[in-house]
Amino acid sequence: MTVVPGSPRSRLDPEPLPRRDWLGLASLWSAGSAMLFALLGSMRLPKAAIVAAQSKGFDVALPESLRIGEAFVPPNRAVAVFRDAEGVYAISTICTHLGCVVKPGAEGFECPCHGSRFKPDGAVSRGPAPRPLAWLKVTPGDGIFHVDEGKTVPPGTKVTV
Amino acid sequence: MSTPALEELKSNLRAAPKRILDTAFRSGKPSTDRTRSTFIFGNVFLHLHSTRVHRWTLRWSTTLGLGLATTAAFLITLITGVLLMFYYKPYPDAAYQSIKDIHFVVPTGRFMRNIHRWAANVMVVAVILHMARAFYTASYRKPREFNWLIGMGLLATTLGLSFTGYLLPWDQLAYWAITIGANIAQSPREVTDAIGITDWFDPGGAQRFLLLGSDTLGPEALIRFYLLHVMILPLALVALMSVHFWRIRKDGGLARPAGADERLPDPAGAMYPVFTQAPAKTYSLAAIVKGRTAAVGQGPENTVPSMPHLFYAELGVFMLTTLVCLALALVSDAPLKELANPNVPENPAKAPWYFLGLQELVSFSAFVGGIGIPMIVLAGLGLIPYLDREDSGTGEWFGGSGGPGVVKQALVVGFGAALAIETFAIRFGWIREWYLAAPQLLITILNPGTLLAAAYGIYSVWLVKRHRSARAGALGLFTCFLCGFLVLTAIGTYFRGPNWVFYWSPSDWPRH
């Protein structure tokens, strides 16, 4: 068939962007973007909105016999609570190196896993621990103290009743 | 009164057993060259093998059977693991009790658990040795570069499987090893803390949370490790293994030296008769296969049918591996300590033995030992086939520039440097002991792990210059890292006691 310039487009002429190609590309892109958004959405799955763990806050009643510099470790808590002339304070006993529970003693804290040592105020005195032990927020109550493992305070923060 | 139809039915019934066998194994007895081939490619489980195999491949010194031993150990863990799943309950405390049940109540349960444990250890050893074999015979070279990378994926998956399995008994050993492991995942914080950006960029914390599903090691973590151990990682391993095996075929079988044909002795009389004429050109597939196909110009003179030669060898390795696992399981029980206690760390808390080298480095800097050095090693290993583009010595033990001489020298350098730096650190301590206020970033950059890696790196660059060959450098570096791994693992395993203090023997440990 001869094509006369300027004549209307023939049924047999190739389309500028073939319809099938356009449909193919469109479905490819929409499938791709649907997958991408589904993936992004499902990446939220591994992190639950509420974490299954015991509450971070707890109340502690210090025994009268607790001496100055002696650690009181509440049951099932990785926290050491102290009382001295200036007040009450709590130091986390989770090693800042790799998360082992450090043991409070007369000269400070000792980590059994890789030999880190901490002074009585939590400062690193030896070993691989990169940071001092965290001081935790203590709020005085009626004869008890509320300790929050989730909130840290600057070292040296002590509270009185 | 029997009709012909009934007679026919009776004779069909008599012939049924033989016909069932004939239809199952359609090629008949593998007694001729043709039936030996159809036996392999007509069988879904065998057709990953080529129908003929080069005699060089079958020499025991070519591979030492290490890849197959790894596969065999994996199959053993797969079977015993599925059996253990009948009783195991992935929930804290119940998990521990179910392991105790498996140990004391379930018939053969203890034996199965022992085999599982030992086969897992055999698999780790075999996969490391297999990698060393592939490296020292320069088998990673073109066209096998990518299969080397797949192999590294297999190594990482194998270690991941072992690590995730370590938590499942939920005893003290498991609990504290995984606590340390999860905090190693968090150790990028050592760096982000030091430069003060943890509050808005905390990849370490995200990694740890992803692993544990919570802030603490609890039921969420156990179910995640269980899922990884029995589903995700085994599937990944099987997928990678399939690609690994398939590519061996596609890359023309195992690497062998150029002169392998001349160096092989004449085949024994019992060997199956061989072809004489090599094809001068390829016919089929030429349009879609890049380059020459493996058969051009190479006669099958030195090949033998895989059935039975290769299969006997494979069966031998499988049986030997099984024998080793069973023997170890008979003489030594898998450990089970007290129920996990989140308040009292195990002292010393040790990871599986193959991570104790890293744990030794971690005792200087968590980030360097747990993440920095492993990343450097993985990146270095992965780059080897792309940096060494030479072709001398492929398929030879310790082949290539430098050769066995470089390896011997590197053994001395590797062991010497690792022992020297460890001796120094054990004898004199490290920066924090001399200068308490040292910034953490300084310790992260300067510690026995980074110094050792730097020493090995410098030695290897010197080798490249001296021998004018990347292969010589690679030989030196790989050997050095192997030495470092051995020294650190041995120290972590045998010479570290409570509080990670150095002791010559566990008898010297203090009583507590």
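Okay, disulfides to begin with: over all chains of this predicted model, the count comes to 1. That one is formed by Cys100(A) and Cys113(A), with 2.0 Å between their sulfur atoms. Which hand does it have? The torsion about the S-S bond of Cys100(A) and Cys113(A) is about -90°, so we call the disulfide left-handed. As for where it sits, Cys100(A) is in the loop between β3 (87-92) and β4 (103-105) of chain A, while Cys113(A) is in the loop between β5 (108-110) and β6 (117-118) of that chain. The two cysteines are 13 residues apart, and the pair links distant parts of the chain.

Right, on to where chain A meets chain B. There, 29 residues of chain A contact 31 residues of chain B. Together the two chains bury about 2400 Å², and carbon and sulfur atoms give 58% of that. Who puts in the most on the chain A side? Leu98(A), Pro112(A) and His114(A) supply 24% of the area that chain A buries against chain B, more than any other three residues.

Now the polar side of things. I get 3 salt bridges across the interface of chain A and chain B. One to click on is Lys56(A) with Asp215(B), where the closest N and O atoms are 3.4 Å apart. There are also 11 residue pairs in polar contact between chain A and chain B, counting pairs with both residues at pLDDT 80 or more. If you go by secondary structure, strand β7 (residues 124-126) of chain A gives the most to the side touching chain B, with 3 residues. And by class, that side of chain A has 14 nonpolar, 7 polar and 8 charged residues.

Last bit: inside chain B. Chain B splits into domain 1 (59-256 + 301-334) and domain 2 (393-512), with their C-alpha centres 25 Å apart. Each of the two domains brings 19 residues to the contact. The area buried between domain 1 and domain 2 of chain B is about 1600 Å², with 68% of it from carbon and sulfur atoms. On the domain 1 side, look at Phe135(B), Tyr136(B) and Arg141(B): they supply 40% of what domain 1 buries against domain 2, more than any other three residues.

So how many salt bridges are there across this domain interface? The rule finds 0 between domain 1 and domain 2 of chain B. Polar contacts do turn up, though, with 10 residue pairs between these domains, again both at pLDDT 80 or more. On the domain 1 side, α4 (60-63), α7 (109-136) and α10 (188-194) of chain B each supply at least two residues, and α7(B) gives the most, with 6 residues. That side divides into 12 nonpolar, 3 polar and 4 charged residues.

How values were computed: Residues are numbered from 1 along each chain as its sequence is written. Chains are lettered from A and ligands numbered from 1 in the order in which they are written. This is a predicted model: local features need pLDDT of at least 70, side-chain atom pairs count only at pLDDT 80 or more; totals for chains, interfaces and linings use all residues. Side-chain values use heavy atoms; hydrogens and water are left out. Domain bounds come from an automatic or database domain assignment. Contact means heavy atoms within 4.5 Å. Buried area is the accessible area (1.4 Å probe) that two parts lose on being put together, summed over both. A salt bridge is a side-chain nitrogen of Lys or Arg within 4 Å of a carboxyl oxygen of Asp or Glu. A polar contact is a pair of N or O atoms within 3.5 Å; within protein, one must be able to donate a hydrogen and the other to accept it, and residues adjacent in sequence count only if both atoms are side-chain atoms. Helices (H or I, at least four residues) and strands (E, at least two) are DSSP runs, numbered from the N terminus. Ala, Val, Leu, Ile, Met, Phe, Trp, Tyr, Cys and Pro count as nonpolar, Asp, Glu, Lys and Arg as charged, and the others, Gly among them, as polar. A disulfide is a pair of cysteine sulfur atoms within 2.5 Å.
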